[in-house]
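This report describes a predicted model. It takes up the nonpolar cores, then a sheet and the helices packed on that sheet, then salt bridges, and finally a single histidine.

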Amino acid sequence: MLQQSERPAASTLLIIIAQSARFLIQSAARHGYRVRAADCFADSDSVQHCERFIRLEPITTVSPQQLHETIELLAEGQTAYLIIGTGIEYLYPALTDLPEHIHSTANSAEVCSQVCQPMPWFTLLDSLQLPHPEVTYQPQSTGQWLLKDAAGWGGSHISAEQSISDKSHYLQRHVHGISYSALFVIDAQHQPRLLMFNRQICVDADNGDFRLQTLYNHPELATHQQQAVMDAIMQIQQRLNLRGLNSLDFMVSDTGQLLLLELNPRPSASCQLLPETVDWLHWQIAAPQNLPDIKMSYRLLYHFFAEQMLTIPHDLNWPADFCDLPAPGTIHAEGDPVCSLCIEAPDTIQRFERLEQQCEFFRKKVALRLKNLT
């Protein structure tokens, strides 16, 4: 096993498993790790960086036995570090019985059970007197509530339905405001170290579409609000003993109240907003003694969703900013994620100008063309 803050050799083998593993795979390949991976999309800019790749069925259908078989197939008996991304919310119970040559970098199953199930999570927040929107586990006939799945991600697990059919489901009072996240890493002294705050924007909250579409760093967030979030993270860490990279979702209501939402016990999508020169996967493998001074550029992540059934053509040339690139011939149903943009700019104005330019390219060169092909 690596000791804390010891740098992994370039030949270190990583096994990466996630609903979508592209940004984890690309970061690992960029910094010289050997990569074998499994995810549910098999995007072309994922597969090309892997020694071996396995396409999974949706994470919510993967059984513990299938997960273990996938890990073994990828490892082929070699010593490897296992990194679980999006989907650990469902997969964590199966991570307690791994072969000796597989070293998990994930939070423990006990920790995940505390944050991936609603009752333990909100009980913890209440015991720490940390504010959050009101929650209930019983159907409601009055008031404005949102149905959420504590084991979900990306906003697709949020709806206006009032039925509760699973122990991971709960109703949370709908509070209007601005959504954020705080990305942090646990250091070698078991202390949380803030990496950055990010702004989250969903597709169309006013019409009940809470899928995450835009994520960017350097948001406007008052100093006292930043400090309140860091204080909350410190208290949560004292109870949970997290490890590696984690992110805390929170919001500031229209009345200015700061409310905690959920904790993602894994490297989240916001890791893509860190500079590409930073080997943040190293911090997931071995807790850092000290963090380098990181100059945060202005970065933005934007997700495109299919407005109708689409088939990706074979001669489509994607511009450099585009990522999560579907393989030619991939069929997308209406509402499916198609691809993403990851933009870097010297300031926030140019960041959004570039976003608009690339969205216009997608509308004119991709979406319209795809419509003509289907």
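## Cores, sheet and charged pairs

The largest nonpolar core in this predicted model has 57 residues, and within that core Ile17 and Ile236 are the residues with the most contacts. Helix 7 (residues 223–240) gives the most to this core, contributing six residues. A second core, separate from this one, has 35 residues, among them Val35, Ala42, Leu215 and Leu291. When residues up to four places away in sequence are left out, Ile17 touches Ala38, Leu56, Leu67, Thr70, Ile71, Leu82, Ile83, Ile84, Gly85 and Leu91.

The next element is an open sheet of five strands, whose order is 3-2-1-4-5 and whose pairing is parallel. Its edge strands are strand 3 (52–55) and strand 5, each of which pairs on one side only. On average, and with direction ignored, neighbouring strands of this sheet are turned by 20° against each other. Helix 1 (residues 22–30) packs on the sheet, where helix 1 touches strand 1, strand 2 (34–39), strand 3 and strand 4, and the direction of this helix makes about 175° with that of strand 2. Helix 3 (residues 64–75) also packs on the sheet, in contact with strand 1, strand 2, strand 3, strand 4 and strand 5, and its direction makes about 150° with that of strand 1.

Within this sheet, strand 1 (residues 13–17) and strand 4 run parallel and are joined by four bridges, with Ile16 standing opposite Ile83 in strand 4. Strand 4 also pairs with strand 5 (residues 102–104) in the parallel sense, over three bridges, and here Ala80 stands opposite Ile102. In a regular strand the side chains alternate between the two faces of the sheet. In strand 4 both faces are covered, with Ala80, Leu82 and Ile84 buried on one side and Tyr81 and Ile83 buried on the other; accordingly, five of the five residues of strand 4 (residues 80–84) are buried.

Side chains of opposite charge can pair when their charged atoms come close. A search of the whole structure finds 15 salt bridges, including the pairs listed here.

| Acidic residue | Basic residue | Closest N to O distance |
|---|---|---|
| Glu76 | Arg52 | 3.0 Å |
| Glu89 | Arg266 | 2.7 Å |
| Glu360 | Arg363 | 2.7 Å |

Glu89 lies in helix 4 (residues 88–91) and Arg266 in the loop between strand 13 (258–264) and helix 8 (280–285), so this pair ties together parts that are 177 residues apart in sequence. Both Glu89 and Arg266 are buried. Glu76, by contrast, counts as partly exposed at 49% relative accessibility, and Arg52 is partly exposed with a relative accessible area of 32%. Glu360 and Arg363 are three residues apart in helix 9 (residues 348–373), and are therefore separated by about one helical turn; Glu360 is partly exposed at 27%, as is Arg363 at 37%. Salt bridges that share partners join Arg34, Arg36, Glu51, Arg52 and Glu76 into one network.

Is His332, a residue of strand 17 (residues 331–332), buried or exposed? His332 counts as buried because its relative accessibility is 7%, which falls under the 20% limit. The side chain of His332 reaches the backbone oxygen of Pro337 at 3.2 Å, and Pro337 is also one of the residues that His332 touches, along with Ala306, Gln308, Met309, Leu310, Ile312, Pro326 and Val338, when residues up to four places away in sequence are not counted.

How values were computed:
Residues are numbered from 1 along each chain as its sequence is written. This is a predicted model: local features need pLDDT of at least 70, side-chain atom pairs count only at pLDDT 80 or more; totals for chains, interfaces and linings use all residues. Side-chain values use heavy atoms; hydrogens and water are left out. Buried means under 20% relative accessible area, exposed over 50%, partly exposed in between (1.4 Å probe, protein chains only). A polar contact is a pair of N or O atoms within 3.5 Å; within protein, one must be able to donate a hydrogen and the other to accept it, and residues adjacent in sequence count only if both atoms are side-chain atoms. Contact means heavy atoms within 4.5 Å. A nonpolar core is a set of buried Ala, Val, Leu, Ile, Met, Phe, Trp, Tyr and Cys residues joined through side-chain atoms within 4.5 Å. Helices (H or I, at least four residues) and strands (E, at least two) are DSSP runs, numbered from the N terminus. Two strands pair if DSSP finds at least two bridges between them. Axes are lines fitted to C-alpha atoms, for helices over the stretch in contact, and angles run from 0 to 180 degrees between N-to-C directions. A salt bridge is a side-chain nitrogen of Lys or Arg within 4 Å of a carboxyl oxygen of Asp or Glu.
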